[in-house]
Every structure is written in structure tokens, then in C-alpha cells.
Amino acid sequence: MSVNLLGRLALVTGSTTGIGLGIAHSLASKGCSVILTGIIDQTLVSGLLSEFTRDDYKGRVHFFPSDFLEIENVETFCQDVLALYPDGIDILVNNAGVPGRGLIENVSTKLWQDTISVNLNAPFVLTRAFFPLMKKRGWGRIINMSSQMGQVGEVGKLAYCTTKSALIGFSRVVALEGAQFGVTCNAICPGFVDAPMCHSIIEKQAMEKGITFEESKVDFLKERCPNRRLIPVSDITELISFLCSDAGSSMTGSPILVDGAYTAR
């Protein structure tokens, strides 16, 4: 379906690479102005912004550096965005995240707290900042990037599974509080996406087994992906475009699995 988001303003966290960058490009292609943010070398910012100077991208693009490990940093980030856009934003995609891997006895307090800070505290602070302005305008879309690991558990992913599960509950409450005001909130639960985070897992297994990346990928797909393929980033971005469209206005409070049948087993 054709989605027109001309005139809308979207903030996508973790949008300097991978899924987040794909989401930002998809929304820009639908007419959105886009706020990019993430941790990136400042010398690379101009190159990142130049990706969005295309004739078919009708909106503006801005980059704000961000480090979401401390709540105070997230609050300052929100203030900076509101200084430039005092009426707030239309679309918030809470995509930034860290993997938080480790068996419970090996999970340090710092790793636990850092995972909660980025994966859960940051979406809370960002939503709290922009939600009232969405309600005031009578339109808004909040999309939280959870995970298939928010629906199931896996050994060695205590912090990650905990935060991604919590995002689903968070999304339900935000959806209820925004329901009368034209503000929707959903949690997307992707499986293994063809993006850097998944690539790093495959690469690690390749090193451990002493095989090539492609050989490791074949093993990975057999073991973890019932449909025998990584999920294209476009599967996620097009879903988000639908949720942001008028046709998606009644879909709210849902955890939406895009996992190639991983959790169906």
C-alpha cells in the first residue's frame, strides 16, 4: 500500500546504522522530516546527513548526538529537540538498544544497569517528553522496538529479555493512555534481522568454530530460523510505515512479531 507521511516529523533513535537507519530512510521516503540520533564519530555526521539529500525525500533532516546511558543525557536530548521543534514530534521510534548478554552469574551490575538505561529508561524519558504534545495535537505514533526475546526466554540473555519484555508492557499502557487522543503505541518484536547486531552473532560463532562467516550463517539459519533466512530490514520498515499511516490507526497496544516463525515452535 502507498503511505504518505508528508509533513510529519519522526524521531528515530539508534538511526546511524542497521535497522534504525533503514527506518529513517523509509520514513523519509514517505515524506517525513527525520531526526537522526545515535553514537557516531562527528567526522561521519556530514556523510550520514548527505544520504538524505535526495530529490525524492521531501522533508528535512537533523542529527542530534546522543548517549542514553544516563537519564540526564536523555532529558537533555529531549530539551534540545524541543528547542528546535517546540510543537514536538509526530512519530517516535524507540529503536536504540544494547544486547546485554551474559549468564546471570556473570552479568555485572554495570551491564545490567546499562541495558536497562538504553533499552527501557530511554524510551520512558522520550515518551514522557513527547507524549503530551501528541495528545494535544490529537495525533501521534509511538513504536517501541522490542524483540522476539521479549516473548520468550533464552539462556545468556537475561538483561536483554527482561528489558524487551518490559517494553511490551510499557507499550500497552501508553496505548491505553493515548487511545482517546489519536495516539497509538505498539511494540515490534523482530527476529533475526539482516543487520549488524545479528551479523556480530554469526561472526562470533564463525570465530569460535574456525569457519567462514558464510558457513556460520548457514549453520545459524538451520538452528535458529525456521524460514531459513534472515529477516530483511524492509520487512520492519514497511510495517512501521503501515503503523504510521491512517490505516494503522486502530492497531495499538500490540506486540507484533516479525520472527519468521521462531516463536511458533
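A nonpolar core is a set of buried Ala, Val, Leu, Ile, Met, Phe, Trp, Tyr and Cys residues joined through side-chain atoms within 4.5 Å. The model on display is a predicted one, and this tour proceeds from its sheet to its cores and then to one further helix.

**First selection: the sheet.** Select the strands. There are 7 of them, forming an open sheet in the order 3-2-1-4-5-6-7, with parallel pairing. The edges are strand 3 (61–65) and strand 7 (255–258), each of which pairs on one side only. On average, neighbouring strands of the sheet are turned by 20° against each other, direction ignored.

**Second selection: one pair of strands.** Select residues 91–94, which are strand 4, together with residues 140–145, which are strand 5. These two strands pair in the parallel sense over 4 bridges. Which residue of strand 5 is the bridge partner of I91? The partner is R141.

**Third selection: two helices across the sheet.** Select residues 18–29 to show helix 1. Helix 1 lies across strand 1 (9–12), strand 2 (33–38), strand 4 and strand 5, and runs at about 175° to strand 1. Next, select residues 233–244, which form helix 8. Helix 8 lies across strand 4, strand 5, strand 6 (183–190) and strand 7, running at about 150° to strand 5.

**Fourth selection: the cores.** Select L27, V93 and I240; these residues have the most contacts inside the largest nonpolar core, which has 34 residues. At least two residues of this core come from each of strand 1, helix 1, strand 2, helix 2 (45–50), strand 4, strand 5, helix 8 and strand 7. Which element supplies the largest share of this core? That element is helix 1, with 6 residues.

Now centre the view on I240. Apart from its neighbours within four places in sequence, I240 is in contact with I23, L27, V93, I143, M145 and I188. A second, separate core has 27 residues, and F68, V81, V118 and L126 are included in it.

**Fifth selection: helix 7.** Select residues 213–224, the 12 residues of helix 7. From its first C-alpha to its last, helix 7 reaches 16 Å, close to the 16 Å expected at 1.5 Å a residue. Within helix 7, highlight S216, F220, L221 and R224, which are buried. Look down the axis of helix 7: its buried residues fall within an arc of 135°, so they line one face of the helix. Finally, add residues 196–209, which are helix 6, to see what the buried residues of helix 7 pack against.

Technical notes. Residues numbered from 1 in each chain as written. Predicted model: local features only at pLDDT ≥ 70, side-chain atom pairs only at ≥ 80, totals over all residues. Heavy atoms only, no water. Expected span 1.5 Å × (residues − 1). Buried < 20%, exposed > 50% of the residue type's maximum accessible area, 1.4 Å probe, protein only. Arc of directions from axis to C-beta. Contact = heavy atoms within 4.5 Å. Pairing = 2+ DSSP bridges. Axes fitted to C-alpha atoms, helices over the stretch in contact; angles between N-to-C directions.
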